[in-house]
Amino acid sequence: MRIGYGEDAHRLVPNRRMVLGGVAVSSEVGPLAHSDGDALLHAITDALLTAVAAGDIGQLFPDTAPENAGRDSRVFLQRALSIVRAHGYRVAQLSAVVVLDRPKLGPYRGRIQASLAELLGIGPGEVGLAFKTSEGLAPEHIQARAVVRLVPQ
Ligand SMILES: [Zn+2]
């Protein structure tokens, strides 16, 4: 098997939509980003790519490329998954942490878990999510960290 780790962070600003794990989250602030700023999908994408030593999200999808502006981050994840498959592996498990002071993500847990399970082609029981606050240390940021376990196809 192989293990991959990834992390991501974005500054939160007014008048931006918040999407997390492919799920729209109701919030007064959203991530400042070239793409849709889905920090959780970005961390998972890097976890997938690093698991097979295939570079990182910034190499594959430069934030200077106009076609990546406002882009749905599920596209990045799907591309990383196809690279994982090309290396002969599939995802068996995800464990991820999101650090966000507000809004509270608890009410979104089921939907985010289901979204990630569908995107990764695994059962919701293989999608572990921890939602934390920064305890006021980084109230203007969203941070995500993810570990994936890959097994041979
Ligand atoms: Zn990001």
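In this predicted model, His 10 counts as buried, because its relative accessibility is 12% and the cut-off for burial is under 20%. His 10 lies in strand β1, which spans residues 2-14. Its NE2 atom is one of the donors to the zinc ion, together with OD of Asp 8 and ND1 of His 42. The coordination distances are 2.0 to 2.1 Å. Along the sequence, the donor residues follow the spacing D-x1-H-x31-H. Since His 10 belongs to strand β1 and His 42 to helix α1, the pair ties together parts that are 32 residues apart in sequence.

Helix α1, which holds His 42, covers residues 39-51. His 42 also counts as buried, because its relative accessibility is 6%. Two polar contacts of the His 42 side chain can be described. With the side chain of Asp 8, a polar contact of 3.2 Å is formed; Asp 8 is also a donor to the zinc ion. With the side chain of Ser 35, the polar contact of His 42 is 3.4 Å.

The surroundings of His 42 include further residues. When residues up to four places away in sequence are not counted, His 42 touches Asp 8 and His 10, as well as Ser 35, Asp 36 and Gly 37. The list of residues touched by His 42 is completed by Ile 57, Ser 73 and Phe 76. Asp 8 and His 10 are thus both contacts of His 42 and, like His 42, donors to the zinc ion.

Notes:
Residues numbered from 1 in each chain as written. Predicted model: local features only at pLDDT ≥ 70, side-chain atom pairs only at ≥ 80, totals over all residues. Heavy atoms only, no water. Helix = DSSP H or I, 4+ residues; strand = E, 2+ residues; numbered from the N terminus. Buried < 20%, exposed > 50% of the residue type's maximum accessible area, 1.4 Å probe, protein only. Polar contact = N/O pair within 3.5 Å; in protein donor to acceptor, adjacent residues only side chain to side chain. Contact = heavy atoms within 4.5 Å. Donors = N, O, S within 2.8 Å, 3.2 Å for Na, K, Ca; no water.
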